[in-house]
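The report below concerns salt bridges and the helices that they join. Please view the sequence together with the fold while reading.

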Amino acid sequence: MDCPYYEQLMYAGDTRHESRVTLLATRDDRLPRKAVALFDSSRVNSGLTQSRFPSRVRQMIPPFALWWIGMVHDLALWRGDSAFIKTLMPGVRAVLDFFRSTLNGDGLVESPNGWNFVDWVPGWKDGSPVGAQDGVNGIINWQFVLALSNAADLEDVLDEPLMAQRNRQLARDLAGRITSRFWDDQRSLLADDPAHRHFSEHSQSLAIMSGFIEPEAVVVLVAGTE
C-alpha cells in the first residue's frame, strides 16, 4: 500500500478498494462508515465530493465522486443499515445531478470540470485518457453508467421505485449511446475516443461490468483484449 507512506491522504479511488477489503475481512465497519461520511461532508456547491479528504488543499476528481457512490453501495450490500444509507442519499443524488449536467447534445458526458483522472497509464497525460479533459471519453461515460446502476439499487433499498427507475433508464440509454459511438467493428473493441484511435482494457472491462453489453459482444470483447 502506497498511501500511508507517500500520500497520507484519503483518496476516494483508493479508499473504495481498501473499504471493500475491510468489509470482507472483518465485521468491524467503523472505518468504511467514517470514510463514506467524511467524503459526504467534503461536498462542494456543484454537488461533487472532493477527491481526497480531509485535506487543506481542495482537489476535484469527478470520477472519484462516482466511485464514492460505489462505496455507499458496498455498505448497503454488505451491511444493510438503511437508516445510515438514507442520510447519504442526498449526496448520491447530487453527484448524479452534476453528471447529468455534463451531458452534451448527443447525450454523452463531456469534460466534467476537474481532473478527470482514471489510471496511471503510459501515454495518458496526468492519468487522464484522451478526451477526458477536453471532449468525450468512453471510460468516463461507462463509469457514469455504473454509478447510475449502483444508485438505482440504493433507491430500491429506500423504497423509492420512481427514483430507481429514472436512474436505470438513463443508465440503459447512456449505455446504448456509448456502444453506438465507441464500438469499432474492425477491431471488435470499444474505443476510448469517438475517432476510434485509442483503445484500453478499461473501456472493455467497464462495459462488461455494466451488464448492458450483449453476451455475444462480451465474448468478442474478452477475446479482443487477449
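## Salt bridges between helices and loops

At 47% relative accessibility, Asp106 counts as partly exposed, a class that lies between buried (under 20% relative accessible area) and exposed (over 50%), computed with a 1.4 Å probe on protein chains only. This is a predicted model, in which local features need pLDDT of at least 70 and side-chain atom pairs count only at pLDDT 80 or more, while totals for chains, interfaces and linings use all residues. Residues are numbered from 1 along each chain as its sequence is written, and side-chain values use heavy atoms, with hydrogens and water left out.

A search of the whole structure finds 13 salt bridges, each defined as a side-chain nitrogen of Lys or Arg within 4 Å of a carboxyl oxygen of Asp or Glu. The table lists some of them, including their N to O distances.

| Acidic residue | Basic residue | N to O distance |
|---|---|---|
| Asp29 | Arg79 | 3.3 Å |
| Asp106 | Arg181 | 3.0 Å |
| Asp156 | Arg168 | 2.6 Å |

Asp106 lies in the loop between helix 5 (82-100) and helix 6 (138-157) and Arg181 in helix 7, so their pairing ties together parts 75 residues apart in sequence; helices here are DSSP runs (H or I, at least four residues), numbered from the N terminus. Arg181 is partly exposed, at 30%.

Asp29 is buried, with a relative accessibility of 13%, whereas its partner Arg79 is partly exposed at 25%. Asp29, Arg33, Arg79 and Asp81 are linked in a network of salt bridges.

Of the 18 residues of helix 4, 14 are buried, and just after this helix Gly80 takes a positive phi of about 70°.

Technical notes
Helix = DSSP H or I, 4+ residues; strand = E, 2+ residues; numbered from the N terminus.
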